[in-house]
Amino acid sequence: MLGKLARQHDPNVLVGFDHADDAGVYQIAPDQALVQTVDFFTPIVDDPYTFGQIAATNALSDVYAMGGKPLTSLALVCFPEKADLAILERILAGGLSKMVEAGCTVIGGHSIRDEETKFGYAVTGLVHPKKVLANKGAKPGDSLILTKALGTGVISTAIKKGKAEPAWIEAAVQSMTTLNRNAVEFILRNEVQVNAMTDVTGFGLIGHLRELVLASDVSARLYADRIPLLEGARECVRAGFIPAGLKNNREFAECLVHYDDGVSDESKALLFDPQTAGGLLMSVQTHGIDWVSQFNKEGIPAVQIGEVARLGEPRIHVTR
């Protein structure tokens, strides 16, 4: 809808909404730019404190996805008028715990009465104008590296239906409350040649990869068997715990995808699973360096799931 409005022309806007990037970037000095994002949603787990942690991790992720450092945040709250305020206190406390871990200061917020609880943050960060990691810039020959397993969408659906196994819930919560900070700090500290980067959230892996290949004028190949999946993800798909977002993502983006024979139906579905606080998807120029092993040594579960190819059809080729 923003694309239908009159465009504002401001030379300080380094990243706007033109290429559906993760956050906006606005230059304020020769060596400084603001990274700004906002995200909030309804509860996806039963425990209020954990929900607050997940919401904060998810909101912070878009700043990390641009290569930025979170600086300040504003809480966004929708809460039922007659609900127990102790629940809201636990949500806020969970969110604060992750903001403290990220070194991001909560400086205020806004709340309204709503029949359905919703929570999240508007986050502002800092990045050097010449070190912005946008979703545009991937080059043929780059490795596609993913830092978190897929499956939070289908597992969250199973949780809502009361059908999720404890081990599935534990794995999903662990993933959704893990900041992407360590991966970004590793990239910056080691000057990893990341040509493009995004985080995998609501549009699923294919949806966000679609944005990357379209913005970069390239194609991509994925290896389905290499893509990490959370424990229980395949079982959830087989049991029919399919969120509406997965169906919408598939209807929107599958037209760009070609599957080789042998790619399972479960794998196809999970490529479109909407993630909450998902991992980073990066297009990396390796120069013969095994960056995946280097990430792993730092405790970051990175996996090479494919590579970038020259522009052609199909735009996204999925093989085993």
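Leaving aside neighbours within four places in sequence, which residues is Lys-69 in contact with? Val-63, Gly-125 and Leu-126. Contact here means heavy atoms within 4.5 Å.

Before going on, a word on the model. It is predicted: local features need pLDDT of at least 70, side-chain atom pairs count only at pLDDT 80 or more, and totals for chains, interfaces and linings use all residues. Residues are numbered from 1 along each chain as its sequence is written, and side-chain values use heavy atoms, with hydrogens and water left out.

Back to Lys-69. This residue is found in strand S4. Helices (H or I, at least four residues) and strands (E, at least two) are DSSP runs, numbered from the N terminus. Lys-69 is exposed, at 54% relative accessible area. The cut-offs are these: buried is under 20%, exposed is over 50%, and partly exposed is in between, with a 1.4 Å probe and protein chains only. Ile-28 sits 41 residues from Lys-69 along the chain, and 15 Å separates their C-alpha atoms.

Strand S4 leads us to a pocket. S4 (69-79), strand S6 (118-127), helix H5 (181-189) and strand S8 (194-199) each supply at least two residues to the lining of the second largest pocket. How do we find such spaces? Rolling a probe the size of a water molecule over the atoms shows where empty space is left. We use a 1 Å grid over the protein atoms alone: a pocket is an open set of points with protein on both sides within 12 Å along at least five of seven lines, while a cavity is a set where a 1.4 Å probe fits but cannot get out. Lining residues have an atom within 4 Å of a point. Grid points are joined across faces, edges and corners, and a volume is the space filled by probe spheres set on the points.

The second largest pocket has a volume of about 480 Å³. Its lining has 26 residues, and the closest to the centre are Gly-67, Lys-131, Leu-133, Ile-187 and Leu-188. H5 gives the most to this lining, 5 residues. By type, the lining is 14 nonpolar, 5 polar and 7 charged. Ala, Val, Leu, Ile, Met, Phe, Trp, Tyr, Cys and Pro count as nonpolar; Asp, Glu, Lys and Arg as charged; the others, Gly among them, as polar.

Just past H5 comes Glu-191, in the loop between H5 and S8. Glu-191 is not a glycine, yet its phi is positive, about 50°. Buried or exposed? Exposed, with a relative accessible area of 70%.

His-287 also has a positive phi, near 55°, and is a residue other than glycine. Its loop runs between strand S11 (280-284) and helix H10 (291-297). His-287 counts as exposed, at 60% relative accessibility.

Now the inside. How many residues does the largest nonpolar core have? It has 95, and those with the most contacts inside it are Leu-205, Leu-209, Leu-222, Leu-271, Met-282 and Val-318. Such a core is a set of buried Ala, Val, Leu, Ile, Met, Phe, Trp, Tyr and Cys residues joined through side-chain atoms within 4.5 Å. Helix H1 (residues 48-65) supplies the largest share of this core, 9 residues.

Take Val-318. Not counting residues up to four places away in sequence, Val-318 touches eight others by name: Leu-222, Ala-224, Val-257, His-258, Tyr-259, Asp-260, Val-263 and Leu-271.

Next door is Thr-319, in strand S13. Thr-319 counts as buried, at 14% relative accessibility. Its side chain makes a polar contact of 2.9 Å with the side chain of Asp-260. A polar contact is a pair of N or O atoms within 3.5 Å; within protein, one must be able to donate a hydrogen and the other to accept it, and residues adjacent in sequence count only if both atoms are side-chain atoms.

Thr-152 is in helix H3 (residues 152-160). At 1% relative accessibility, Thr-152 is buried. Its side chain makes a polar contact with that of Gln-275, at 3.3 Å.

Last, the cavity. The structure holds 1 cavity of 30 Å³ or more. About 40 Å³ of space lies in the largest cavity. Among the residues that line it are Leu-150, Ala-224, Arg-234 and Leu-271. Its lining divides into 6 nonpolar, 1 polar and 1 charged.
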